[in-house]
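This briefing covers two topics: how aromatic rings are arranged, and what surrounds the ligand. Please keep the sequence and the structure at hand while reading.

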Amino acid sequence: MKLSLRGVAKSYPGRRGGTVALCPLDMDAREGEFISLVGPSGCGKSTLLHIVAGLEPATAGTVDLDGERVLGPGVEIGLMFQQQTLFPWLSVRENVRFPLTLARARARAGAGARDQQAARVDSLLRLVGLWDFRDSLPAELSGGMQQRAALARALVGQPEVLLMDEPFGALDAQTREDMQELLLHLIQHHRITTLFVTHDVDEALLLSDRVVVFSERPGQVLASLDVTFARQARSAELKLDEAFLHQKREILALLRGRARTGAQRDRLLFGLTNTPLEGGS
Ligand code: ADP
């Protein structure tokens, strides 16, 4: 397995016993697999990404990347969030290059690799359509362009794993579709293992190999569903396809806690990696 989570749990201390954000959960991601995480607001999806990124310690459990424990952030894990996270005082090109200036990235690249890194920055800027804006400041870009820069920055360290937390959530519908297409194009070429948090079930189905549905807080894995239609067929028109709508209904039923017990529920919960909550009725 590329990425293995075992018994990962998180509680935040606070008054009245604090907050249990995540129940102990297990999750695996294969090399190149694109997994969307969907679930009610506040169920611990962002917390989980922060733990996988090594930005936040888990209260219990372990995260392994290629069999090695993740103990802190590094370029092997690329990050992209909904909020504008570019440095406002750096140009687009400097922002994209920024992760490579960190010590661990330099050590990983080794001597003599700087030219290759500069070429990589420029090639990513072209790939995401920002070459003409390479010397602009983030404030001079539209929201979509800023997220394209953030995507290039997330990819510049040639990460093994990409963690994305509602990266297109603040974009208008058309820009969002453009970004989804760009992301599909990039992940098909690079086959980076991706965990992608979204509220949008359509987006999850268009992009993913697998959709993991979380319960309400404290978050548990309620179900894990393989996306059944071919990736080549994925485009805006697919949203009208009967197979697409069928999977969408399944996920929405789980999110609304309406999955039936018995045969139908068993069918929905294939790939289950954790004890389901009492979500059915
Ligand atoms: P989601 O991403 O699914 O919306 P989060 O992971 O952001 O959920 O939050 C899960 C729960 O943990 C929420 O109840 C939230 O209030 C709580 N939480 C998140 N971060 C912190 C923190 N730094 N301190 C205390 N509680 C937190």
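The points below take the aromatic rings and then the ligand site. The model is predicted. Four aromatic pairs are counted in it, and the ligand has 60% of its area buried by the protein.

**Aromatic pairs around F87**

- A pair of aromatic rings is described by two quantities, the distance of the centres and the angle of the planes.
- F87 and W89 have ring centres 5.2 Å apart and planes at 35 degrees, so this pair is tilted. The tilted class takes what is neither under 30 degrees nor over 60.
- F87 also pairs with F98: the centres are 4.8 Å apart and the planes stand at 65 degrees, so the pair is edge-to-face.
- F87 sits in the loop between β6 (77-81) and α2 (92-97), while F98 sits in the loop between α2 and α3 (103-109), so their pair ties together parts 11 residues apart in sequence.
- F87 is partly exposed, at 24% relative accessible area.
- F98 is likewise partly exposed, at 29% relative accessibility.
- W89 counts as exposed, with a relative accessibility of 62%; the cut-off for exposed is over 50%.

**Other aromatic groupings**

- One aromatic cluster is formed by F34, F168 and F196.
- W131 has R126 over its face, at 3.9 Å from the ring centre.
- R134 also lies over the face of W131, at 4.0 Å from the ring centre.

**Ligand site**

- The shell around the ligand consists of Y12, T19, A21, P40, S41, G42, C43, G44, K45, S46, T47 and R217.
- By residue class, this shell divides into four nonpolar, six polar and two charged residues.
- Both β2 (19-29) and α1 (45-53) supply at least two residues of the shell.
- The largest share, three residues, comes from α1.

**Polar contacts and burial of the ligand**

- From G42, a backbone N or O atom lies 2.7 Å from an oxygen atom of the ligand.
- K45 makes its contact through the side chain, where an N or O atom is 2.8 Å from an oxygen atom of the ligand.
- T47 also uses its side chain, with an N or O atom 2.5 Å from an oxygen atom of the ligand.
- The ligand taken alone exposes 560 Å², and 60% of that is buried by the protein.

Definitions and conventions:
Residues numbered from 1 in each chain as written. Predicted model: local features only at pLDDT ≥ 70, side-chain atom pairs only at ≥ 80, totals over all residues. Heavy atoms only, no water. Phe/Tyr/Trp six-rings, centres within 6.5 Å; stacked < 30°, edge-to-face > 60°. Buried < 20%, exposed > 50% of the residue type's maximum accessible area, 1.4 Å probe, protein only. Helix = DSSP H or I, 4+ residues; strand = E, 2+ residues; numbered from the N terminus. Lys NZ or Arg CZ within 6 Å of the ring centre and 35° of its normal. Near = heavy atom within 4 Å. Polar contact = N/O pair within 3.5 Å; in protein donor to acceptor, adjacent residues only side chain to side chain. Areas by Shrake-Rupley, 256 points an atom, 1.4 Å probe, with all protein chains shown as cover. Nonpolar A, V, L, I, M, F, W, Y, C, P; charged D, E, K, R; others polar.
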